Amino acid sequence: MKHLGSELRNVRSLRTHRGSAITEFAPALFIFIMVFFFPFLNLIGMAISYADCLYLDTLLLRQAAIENVLVLDNSTTPPALKADLTASTSPTGALNNIINNWLQLGLGRFASTGSVPVQTCYIDLNEGSNKVKFIHLNLQVECRPFLQIPFPLPIPGLNKPVTFKFSGRSVIENIPS
């Protein structure tokens, strides 16, 4: 009988050690998923959104450079250059058409934007020379996170939208003479 009792104690001690490994696995898995896995998915989503928005900025800047944004103002003597930014301010302008196509048909579908990207163009006529003028483009895009993670503090990219701001300039190709 004594021999059987010592065997039962050994089996119970083995079960206790094995059972503790299983009970520690569930909280560790929960912490791993909530602290590492889901934030990593959001980080990948934000990187994809940033790359898509950078591509949009490149498209807009290239289009703004080839538009006829400078016209001759014949009311002054000698005629001077005047900025005509209807390509960016008009709802049916070329730059707004690019943004709409990017949102509906292009990579904007993958960027998880919270609203329509806002672009502003301006031309500094004092910058450059008579033959070289620059157009400046500022783009602001708000992107939502892929997953809403319930953290107590608002963290951009995890449970709060991120605003990407791009700024660039390009040489205007069609300068009237």
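This report looks at strand pairing, one loop residue and a cavity in a predicted model.

Residues are numbered from 1 along each chain as its sequence is written. Local features need pLDDT of at least 70, side-chain atom pairs count only at pLDDT 80 or more, and totals for chains, interfaces and linings use all residues, while side-chain values use heavy atoms, with hydrogens and water left out.

Let's start with the strands (DSSP runs of E, at least two residues, numbered from the N terminus). Two of them count as paired if DSSP finds at least two bridges between them.

| Strand | Partner | Sense | Bridges |
|---|---|---|---|
| E1 (residues 70–73) | E2 (residues 80–83) | antiparallel | four |
| E3 (residues 118–123) | E4 (residues 134–143) | antiparallel | six |

A hairpin of six residues links E1 to E2, and Val-71 sits opposite Lys-82 in E2. Over in E4, Ile-135 is the bridge partner of Ile-123. Ile-123 belongs to the covered face of E3, together with Gln-119 and Cys-121.

Cys-121 and Ile-135 also help to line the largest cavity, along with residues including Leu-85 and Leu-95. A cavity here is a set of points on a 1 Å grid over the protein atoms alone where a 1.4 Å probe fits but cannot get out, and lining residues have an atom within 4 Å of a point. The structure has one cavity of 30 Å³ or more, and the volume of the largest is about 40 Å³, taken as the space filled by probe spheres set on the points, which are joined across faces, edges and corners.

Finally, meet Ser-112, in the loop between helix H3 (94–104) and E3. Ser-112 has a positive phi of about 50° without being a glycine. Most residues other than glycine have a negative phi.

Technical notes
Buried < 20%, exposed > 50% of the residue type's maximum accessible area, 1.4 Å probe, protein only. 1 Å grid on protein atoms, 1.4 Å probe; cavity = no way out; pocket = protein on both sides within 12 Å on 5 of 7 lines; lining within 4 Å.
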